[in-house]
Amino acid sequence: MRSLVSKAFTPRRVAAMEDQVRALAVGHLDTALERGTFDFVADFAGLLPMDVISEMIGVPPAERPEVRRLADLLVHRDPDLFDIPPAGKEAALNLAGYFADMVRSRRSVPRDDLTSALLEADVDGDRLSDDEVISFLFLMSVAGNETTTKLLANAWYWAWRFPDERAKVFAAAGRVPEWVEETLRFDTSTQMLLRVTTGELSLHDTVVPDGARVLLLVGSANRDERVFPHPDRYDLDRDTSKLVSFGSGRHFCLGAALARLEARVGLRQLVDRVADYDIDAEGATRVHSINVRGFAALPTTVTRR
Ligand code: HEM
């Protein structure tokens, strides 16, 4: 399945989306910057990733707010609640229903989108079933949506908290990629991954038995002082090449190149058009999730260049 869908995510395919991503980013930023004071999440970071995915898989603009609402509701957890709330389950079913309709309609009338391509794809005689395509669309709208939203707002927030680092990138827009990478390392949106061992293994003098559930703390690995000197420092000058925010190995994030492109293009627009900005810390709220770190709201005021 991964080999089928990975064709849509090759570095070349992703790079070719740059103009499209920029147009989507500019559309939201024009409105937000015009107002001067806006919510960085609701008015920008929460919109761009879903727009990009929607363009890829073929969700028409008029239906995007509803798909975004369902995808957000699906991962929302109130404080102290560890179970999936009824509203989350209902959102999951509605989203799956929406994608089931979409798959049905592409089966009869294919279009120039990833959903149609997946339905038609053939690798060594292997084809994806409708259910597999529906699950994949579901995965995309969750995996590719809020992670990138969080990355954008985390970058905005930490650069605000560390004015010296902000000055580096606002003085030299070419440093936006370093801003993105250091944010991924310092405060990654996906904090942990789960694995089940398929054999006994020994890690750091501890024997982990076969069949054990292991929680991998990605956020912690990104602050391993053996790899990143002074790990608690947010520092755009550091070497971030060993960050593990996108996982590693065979499940390495399929959307890593796309997430990086979105963050670079979006933040570059901001650096080019904004002289400086402030965040209303009182109004900033975090999402409640065990795994995902980032902001639900980030009120901000910009001074334009
Ligand atoms: C900052 C943004 C993102 C972060 C931090 C992130 C993080 C991750 C991580 C850590 C994994 C590995 C999961 C594991 O090993 O269990 C993963 C897998 C995945 N990601 Fe992302 N991701 C991001 C953006 C995206 C985007 C934009 C897309 C798609 C458009 C995407 C699609 C996927 C998919 C399909 C997988 C599953 C790959 C597999 O299991 O083979 N991600 N992501």
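Helices (H or I, at least four residues) and strands (E, at least two) are DSSP runs, numbered from the N terminus. The model here is predicted: local features need pLDDT of at least 70, side-chain atom pairs count only at pLDDT 80 or more, and totals for chains, interfaces and linings use all residues. Residue numbers start from 1 along each chain as its sequence is written.

**Around the ligand**

The shell around the ligand draws at least two residues from each of these helices:

| Helix | Residues |
|---|---|
| H9 | 130-143 |
| H10 | 146-161 |
| H14 | 256-273 |

The ligand has 22 residues around it. A residue counts as near if its C-beta atom, placed from the backbone, lies within 6 Å. Gly 144, Thr 147, Gly 247, Cys 253 and Gly 255 come nearest. By type, the shell holds eleven nonpolar, ten polar and one charged residue. Ala, Val, Leu, Ile, Met, Phe, Trp, Tyr, Cys and Pro count as nonpolar; Asp, Glu, Lys and Arg as charged; the others, Gly among them, as polar.

**The sheet**

Three strands form an open antiparallel sheet, in the order S1-S9-S6. Strands pair if DSSP finds at least two bridges between them. S1 (37-39) and S6 (274-279) are edge strands with a single partner each, so one side of each has no neighbour in the sheet. Five bridges join S6 to S9 (residues 299-304). Val 274 has Arg 304 in S9 as its bridge partner.

**A contact set**

Which residues does Ala 155 contact, leaving aside neighbours within four places in sequence? They are Trp 179, Val 180, Thr 183, Ala 263 and Leu 267. Contact requires C-beta atoms, placed from the backbone, within 7 Å.

Terms used. Contact = placed C-beta atoms within 7 Å.
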